[in-house]
Amino acid sequence: QVQLVESGGGLVQAGGSLRLSCAASGSIFSINTMAWYRQAPGKQREVVAVIDNGGNINYADSVKGRFTISRDNAKKTVDLQMNSLKPEDTAVYYCNMVLRFMFGVAPRSYWGQGTQVTVSS
């Protein structure tokens, strides 16, 4: 059973910083992409940042220059460093990993439970 557990959310003032972490556990053969998504109240879930197993990274335009995604393959973790936070960054942030739990099976998408980030003005 694969599980993703996030940590690091909280309340911060505008202009502040937070670091989110996500760790995968369970039977994992390989991890393709790791990503962070977010969902604000009344809005659809949107991708924030994605990093593939080659180290290629993509960011949403709204966070470019402020957020940094990184991964540690040995530890099976993905982090999101968030700087210069704005009230519009307020959302529940979800970790996502596309991975194989064993050799020969198709990759599947797994989600964390979400962590709340609130940025006050």
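Strand E3 (18–25) has two unlike faces: Leu18, Leu20, Cys22 and Ala24 make up the covered face, while Arg19, Ser21, Ala23 and Ser25 lie on the uncovered one. In a regular strand the side chains alternate between the two faces of the sheet. Strands, labelled E, are DSSP runs of at least two residues, and they are numbered from the N terminus. The model is a predicted one, in which local features need pLDDT of at least 70 and side-chain atom pairs count only at pLDDT 80 or more, whereas totals for chains, interfaces and linings use all residues. Residues are numbered from 1 along each chain as its sequence is written, and side-chain values use heavy atoms, with hydrogens and water left out.

E3 belongs to an open sheet of 4 strands, arranged in the order E1-E3-E8-E7 with antiparallel pairing. The edge positions are taken by E1 (3–7) and E7 (67–72), and because each has a single partner strand, one side of each is left without a neighbour in the sheet. From one strand to the next the twist averages 15 degrees, an angle taken between the N-to-C directions of axes fitted as lines to C-alpha atoms, on a scale from 0 to 180 degrees. Two strands are counted as paired if DSSP finds at least two bridges between them. E1 and E3 are joined in the antiparallel sense by 5 bridges, with Gln3 standing opposite Ser25 of E3. Between E3 and E8 there are 6 bridges, again antiparallel, and here Cys22 stands opposite Val78 of E8. E8, which covers residues 77–82, is also joined to E7 by 6 antiparallel bridges, where Ser70 has Asp79 in E8 as its bridge partner.

Just ahead of E3 comes the loop that follows strand E2 (10–13), and Gly15 lies in this loop. Gly15 counts as exposed because its relative accessibility is 51%; buried means under 20% relative accessible area, exposed over 50%, and partly exposed in between, using a 1.4 Å probe and protein chains only. Although Gly15 and Ser84 are 69 residues apart in sequence, their C-alpha atoms are 4.2 Å apart in space. Leaving aside residues up to four places away in sequence, Gly15 touches Ser84 and Leu85, where contact means heavy atoms within 4.5 Å.

The charged side chains can be considered next. Side chains of opposite charge can pair when their charged atoms come close. A salt bridge is counted when a side-chain nitrogen of Lys or Arg is within 4 Å of a carboxyl oxygen of Asp or Glu, and by this rule the count comes to 5. In one of them, Arg38 meets Glu46 with the closest N and O atoms 2.7 Å apart; Arg38 is buried, at 6% relative accessible area, whereas Glu46 is partly exposed, at 36%. Another joins Arg66 to Asp89 at 2.8 Å, N to O. This pair links distant parts of the chain, 23 residues apart, with Arg66 in the loop between strand E6 (57–59) and E7 and Asp89 in the loop between E8 and E9. Both Arg66 and Asp89 are buried, and these two residues are linked with Arg38 and Glu46 in a network of salt bridges. Lys64 and Asp61 also form a salt bridge, with their closest N and O atoms 3.0 Å apart.
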